[in-house]
Number of protein chains: 2
Amino acid sequence: MRQSKLFGTTNKDSRQYDSINATLLQKAGFIDKTMAGVYAFLPLGTRVLQKIENIIREEMNELGSEIFMPAIAPKEIWEQSGRLDSVDVLFKVVGANAASRAKNDAEYVLNCTHEDVVTPIAKKFNLSYKDLPFAVYQIQTKFRNEARPKSGLLRCREFRMKDLYSFHADEADLLKFYEKAKVAYTKVFARLGLGQDTVIALASGGDFTEGFSHEFQTKCETGEDIIFYSKKLDIAYNREVAPAKSASLINSQEKELPMEDVKGEGITGVEDLTKYLKISVEKTTKTIIFETETGQVIAAAIRGDYDINEEKLKKIVGCKSLKLASEKVVKKVTGAEVGYAGFLNLDSSVRVYMDDSVSGRKNFECGANRTNYHTINVNFGRDLDVPKEFYDFKVPREGDCHPQTGEQYEVFRASEVGNIFPLNTKFTKAFDYYFSDASGQQQIVYMGSYGIGSSRVMGVLVEKFNDERGIIWPENVAPFRIHLLQVGKSEPVAQNAEKLYDKLLAQGFEVLFDDRINVSAGEKFADADLIGIPWRLVVSEKTQDKVEVKNRTAKEVELLTVEQLLKKLRK
Amino acid sequence: MRQSKLFGTTNKDSRQYDSINATLLQKAGFIDKTMAGVYAFLPLGTRVLQKIENIIREEMNELGSEIFMPAIAPKEIWEQSGRLDSVDVLFKVVGANAASRAKNDAEYVLNCTHEDVVTPIAKKFNLSYKDLPFAVYQIQTKFRNEARPKSGLLRCREFRMKDLYSFHADEADLLKFYEKAKVAYTKVFARLGLGQDTVIALASGGDFTEGFSHEFQTKCETGEDIIFYSKKLDIAYNREVAPAKSASLINSQEKELPMEDVKGEGITGVEDLTKYLKISVEKTTKTIIFETETGQVIAAAIRGDYDINEEKLKKIVGCKSLKLASEKVVKKVTGAEVGYAGFLNLDSSVRVYMDDSVSGRKNFECGANRTNYHTINVNFGRDLDVPKEFYDFKVPREGDCHPQTGEQYEVFRASEVGNIFPLNTKFTKAFDYYFSDASGQQQIVYMGSYGIGSSRVMGVLVEKFNDERGIIWPENVAPFRIHLLQVGKSEPVAQNAEKLYDKLLAQGFEVLFDDRINVSAGEKFADADLIGIPWRLVVSEKTQDKVEVKNRTAKEVELLTVEQLLKKLRK
C-alpha cells in the first residue's frame with residue numbers, strides 16, 4: 001500500500017493518554033477514539049486486528065466450528081439464566097426516538113457474552129450422547145457498560161472477542177477438552193509473539209465451580225493484574241486467589257513488653273495509628289466485624305498492612321455473603337464505636353478468625369474494644385491463647401510465601417489476554433439442556449467457555465512491545481511486514497524505489513511504501529519507528545542500486561543487494 | 001469437514017416460512033432464528049457469509065481502504081446530522097438493569113448506517129485538496145428497528161453490511177468515482193453468481209440530490225421491488241421513480257353519452273363504484289385533495305386503477321410536503337363530504353393537476369362534488385377543456401410506457417442487493433467538513449456512500465438459486481465446493497471414501513465429507529440436494545475404485561476415475 005494513499009496518518013500530537021497503547025495507537029494512526037471506550041480501527045489497525053483474529057481462527061478451528069451469533073438477543077433468554085438484572089455491565093437496546101418506538105417498542109439485550117445465546121442453539125441440534133462432545137466459536141463485537149473505560153484497547157465499552165463454547169457428557173470430558181483448549185491457547189499466544197511471557201494463572205471459579213477458572217496472563221509492567229508465581233510448584237495465581245502466608249516477623253531478641261491500653265482520641269486508621277503510637281505498620285492489627293447472610297456476627301483479624309479478601313473469608317466461614325456489621329452491631333459486640341474493635345475481650349457470641357499474618361509477631365497492637373483506646377504490646381501465649389487455627393484470608397503482598405512450600409512468590413504485573421471457564425452445568429441447567437445417554441436416560445450437559453479479547457490483545461501487544469520511538473510489532477501481527485521508504489525524490493531514486501516495491505509485491509510480501517514527496521527523511525524515519533513495521537528498507541541517493549535494511553529492533557543498518565535482501569526476508 | 005462433526009444439521013421439519021430463503025436456510029442448517037429478524041449463522045452459513053464478504057472485500061480494496069468503525073456512537077453526532085429523531089429505524093443503547101445504569105447512565109446510538117460516524121473521522125485526517133479523493137469502507141453488523149422483519153435474511157433487525165464512503169473535492173470528481181464504484185459493484189455481483197440477472201436501477205435521490213441514487217437489483221420472482229426496464233434506452237427504474245405514461249384506452253367506435261350525475265349513497269371506493277355503476281375501473285377517476293406545507297390546496301386526479309406517487313407529485317407542485325386535506329377543507333372546496341371530489345366544478349382557488357391516465361378515455365366517471373353523487377360519461381372537449389398539461393404522478397403499472405419512447409416497459413420483480421448514493425454535501429455540511437483547495441480557500445467536501453448487504457445477498461442467492469429439492473449455491477459462495485458421500489459402511493467403501501477425502505484435501509479442495517454411519521443413502525442424497533454444494537461425489541460398493549460425480553444442476557451422474565475427477569474439478 002502506498003503511504004501517500006493511506007487513510008489515518010501519524011500525527012505530531014504529543015498528547016499522552018492514560019496508557020502506552022492508547023497513546024501510540026492513536027499517534028501512529030491505528031485507531032481513532034469515537035468516545036470513551038469506543039474506537040474506530042483505521043486501515044493500519046484493521047489490518048492488525050484481522051491478523052490477530054485470523055491466527056485465533058486458525059487455532060480455534062482445531063477445537064470447534066466457527067459460527068456467528070447475533071449481537072442482540074431477546075431479554076427472555078437473559079431472564080432465563082437469571083442474569084438480566086445481575087450482570088452490571090449489560091446494555092439493552094430500544095428504539096432511539098418516538099418514531100422508532102412507535103414502529104416497534106420492544107427491548108433487546110446487547111450481548112456482553114454469549115452463553116445465554118449459544119446454549120439454546122446447541123440444545124436445538126445436539127441432544128444425543130453421539131453428538132457430544134462438540135464446540136463452536138465465533139469472533140464477534142461485544143458490549144460492556146463499563147463505568148470507567150480506560151487504557152486504550154484494554155478496557156472498552158465496545159470490543160472484539162473470540163468466544164468458544166464446548167459441550168460435554170460429563171465433567172471428566174469437559175476437563176479433557178479444557179486441557180486441549182489450554183494447548184490451543186498456548187499456540188495462539190506463541191504465534192501472537194506473546195508466548196514466552198504468557199502464563200496460565202489460576203483465577204476465581206465464579207459461581208460455576210468450586211475450583212478455579214484460568215487466565216492467560218502476559219507479563220507486562222503496565223498490566224492491571226498482579227500474578228503470584230510459585231516456581232517450585234510451577235503454578236501461577238491471580239492475586240485474587242493466591243494462597244499466601246506472610247513471612248514471620250518475630251525477632252527473637254525482642255523482649256515482651258507490658259500490655260497496656262493507650263488512649264488515642266479519634267485515632268482509627270492504620271496510618272494514623274502508626275504515627276500516633278510510633279510503631280511500624282506490621283505491629284498494627286485490623287479487626288473487622290462482619291455479618292453473614294444469616295445474621296451471624298464474626299470478627300476477622302489481619303495484620304494492619306494487609307487487606308482482607310472477602311472471597312477467601314467467605315469460604316473459610318462457609319457463608320454466602322459478608323457485609324460490614326452495622327455501627328449498632330459493632331457497638332453491641334465490642335462495646336465501642338467503630339474503629340476500636342479488637343479480639344481480646346469480644347462478646348463471646350462473636351466467632352473470631354485470625355489471618356496467619358496476625359501471628360509471628362511480638363508486642364503487637366490491636367483495638368481495645370473501648371472507644372478511643374488501642375491495646376499495645378499484645379503477645380500470644382501471654383495475653384491470649386494461640387488460636388487453634390490461623391487462616392489465610394489476606395490479599396497477598398509481595399514477600400508472601402506459598403503456604404505449601406514456604407517458598408517466596410515471584411510477583412509480577414500482567415495483562416490478561418485470554419480466559420477459560422469450566423462452566424459445568426450453570427447454563428445447561430438454566431436452559432434445561434439435557435442429552436440422552438446410551439441407555440436413553442436424560443443427563444445434564446457440561447459446558448465450558450473460552451475467551452480471547454482480540455482487540456485487547458492488540459492493546460497488550462503495544463503495551464509490551466514499544467520503545468521511546470514507537471511500536472515494535474511482532475512479525476505475525478504487524479500491519480505490513482515491510483516498510484519501504486523512498487528518501488529523496490530524484491528520478492533514479494524514485495525509479496529504484498518503485499521497482500523494489502513492485503518486486504516485493506510480486507513476491508507476495510506485504511509492503512507499506514512511503515512514497516510521500518515533500519516529507520523529510522527525518523519525518524519518514526520517525527513515522528516508520530512510530531508505526532513499528534518489522535523491516536525498514538530505505539532507497540535513497542546513497543544506497544544506489546542497493547537497499548538499506550534495518551529491523552525495527554536492531555541498532556544498525558545493513559546495505560544489501562536486492563537478492564541478499566530477499567534471501568534475508570525469506571528466512 | 002466431516003459431516004458427522006458438523007454443528008447445525010439439516011432437519012426434517014417441513015415448516016414453510018414466509019420466504020424460500022428462510023425455509024431452506026433453516027431447513028438445511030445454515031442459520032438459526034434467535035428472534036424475529038435476528039439470526040445466528042451456523043457453520044455452513046458462516047462459511048457462505050465469509051465467502052460473500054471476502055469477494056466484496058477484494059473488489060472494494062480496489063476503491064478504498066478497509067476500516068472498522070464502532071457499532072455504538074455518541075448521540076451527539078446523530079444530533080448534529082439532524083437524524084437522531086428522524087431516522088425511524090434507529091436504536092439506542094442504555095444500561096439493561098439498575099446496577100448497570102448506576103455504573104453509567106449514558107445513552108448511545110446503535111448505528112444503522114455510518115455516515116454520521118465516518119464523516120467526523122475523515123475530517124480529523126484529510127483536510128487538504130492533496131488528500132482528496134479518498135474512500136474507506138468497512139464490513140460491519142448493522143441494526144434497524146424494523147416494524148415487521150420478514151423474508152429470512154432479506155429484512156432483518158440485525159444484518160451484515162459492507163459500507164463504503166468516498167470523499168471528493170467537487171461533484172464532478174464524486175461522479176467519476178461513482179462510475180468506478182458501479183464497475184466494482186458489477187464485478188462483485190458477477191463473482192457472486194448474480195451478474196447476468198442484476199441491473200442498475202435508478203431510485204430516489206432522497207434529500208441529498210435532485211437526481212437519482214442507484215440500486216443494484218437482481219431479477220428474482222420473489223423480490224420485493226418492481227423494476228421498469230426500458231429496452232430502447234437501456235435504463236432500469238425502481239417503480240418508485242419510473243416515469244410512465246398509461247396506454248390510451250380510447251375506442252374510436254365509442255359514442256359520447258350524455259353526462260349525468262348519478263346518486264350512489266355512501267359509494268366512495270373505486271371497487272364499490274365499479275360495481276354500483278357497472279363500469280370498468282379504467283372509467284373511474286380518483287380526485288384527491290391535498291394541502292401543501294404552506295396551506296395551499298390542490299387536487300390531483302388520476303385514473304381509478306392507479307395510485308398516486310406523492311414524491312412525483314411534490315416535485316410537480318413544487319412543494320416540500322403534501323398531506324391529505326382535512327374533512328373541513330374538502331367540504332369547503334368541494335361542497336361535499338370526503339369521497340365525492342371531482343374536478344368539474346371545484347372551488348377556483350384549488351389548482352387541479354391531472355395525471356395523463358385521466359386523458360385518453362371517453363365517457364369516464366368522476367366525483368360530482370356533491371355528497372352521494374358521481375358524474376358519469378364525462379368527456380374532454382365537450383364537458384371540460386383539455387388541460388394545458390397532463391402530468392405523470394402515477395405509481396406505474398405493468399403495460400405503461402416510457403414517456404420519451406412510447407415503448408412499453410419490461411416489468412419484473414427484483415431484489416435489491418446493493419445501492420449507491422451521491423450524498424453530495426448533506427453530511428459534510430452537517431459536520432462542517434471543508435478542505436483547503438490549492439489556493440488555500442476552504443471548500444466543502446463532496447461525499448458518496450455505497451452499500452452491499454452481505455447477509456441479504458445470501459438470502460437473495462437462495463431465493464434465486466433453488467429447486468424443489470433445495471439450494472443450488474454458485475461455486476464462488478458455496479460453503480464447500482465438494483460434497484463427498486460415503487454410501488455403505490463396508491471396509492472397502494470406507495477406505496475408498498477416506499482415501500478420496502484425504503486426496504481432495506491435500507489438493508486444496510474444500511470438502512464436506514458425509515461420513516455419517518447409520519444414515520441411509522436416500523437421506524444422504526436428500527441432504528446433499530438440500531445443502532446445495534456444487535459437486536456431489538459418491539463412493540459406494542457400486543463405484544468400486546471410481547467415483548460417481550454429479551453437479552447439483554445436472555440430471556445425470558458420471559462415473560469417473562479419481563484422475564478424471566480431479567481434471568474435471570480443476571477446470
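This note describes one sheet of chain A, the helices packed on it, and the nonpolar cores.

1. The model is predicted: local features need pLDDT of at least 70, side-chain atom pairs count only at pLDDT 80 or more, and totals for chains, interfaces and linings use all residues. Residues are numbered from 1 along each chain as its sequence is written, while chains are lettered from A and ligands numbered from 1 in the order in which they are written.

2. In chain A, five strands (DSSP runs of E, at least two residues, numbered from the N terminus) form an open sheet with mixed pairing, in the order β27-β26-β28-β29-β30. Pairing requires at least two DSSP bridges between two strands. Because β27 (511-514) and β30 (558-560) of chain A each have a single partner strand, one side of each is left without a neighbour in the sheet.

3. Strand β26 (residues 482-486) of chain A runs parallel to β27(A), and four bridges join them. Within this pair, A:L485 stands opposite A:D514 of β27(A).

4. Helix α12 (residues 491-506) of chain A packs on the sheet and touches β26, β27, β28 (535-539) and β29 (547-551) of chain A. Contact is defined by C-beta atoms, placed from the backbone, within 7 Å.

5. The largest nonpolar core (buried Ala, Val, Leu, Ile, Met, Phe, Trp, Tyr and Cys residues joined through C-beta atoms within 7 Å; buried means 20 or more other C-beta atoms within 10 Å) has 249 residues, and A:L484 and B:L484 have the most contacts inside it. Among the residues that A:L484 touches are A:L500, A:F513 and A:L537. Apart from this core lies another of 26 residues, including A:F290 and A:V358.

Methods. Two residues are in contact if their C-beta atoms, placed from the backbone, lie within 7 Å. Axes are lines fitted to C-alpha atoms, for helices over the stretch in contact, and angles run from 0 to 180 degrees between N-to-C directions. A residue is buried if 20 or more other C-beta atoms lie within 10 Å of its own, exposed if 12 or fewer, and partly exposed in between; C-beta atoms are placed from the backbone. Lists of a residue's contacts leave out its neighbours within four places in sequence.
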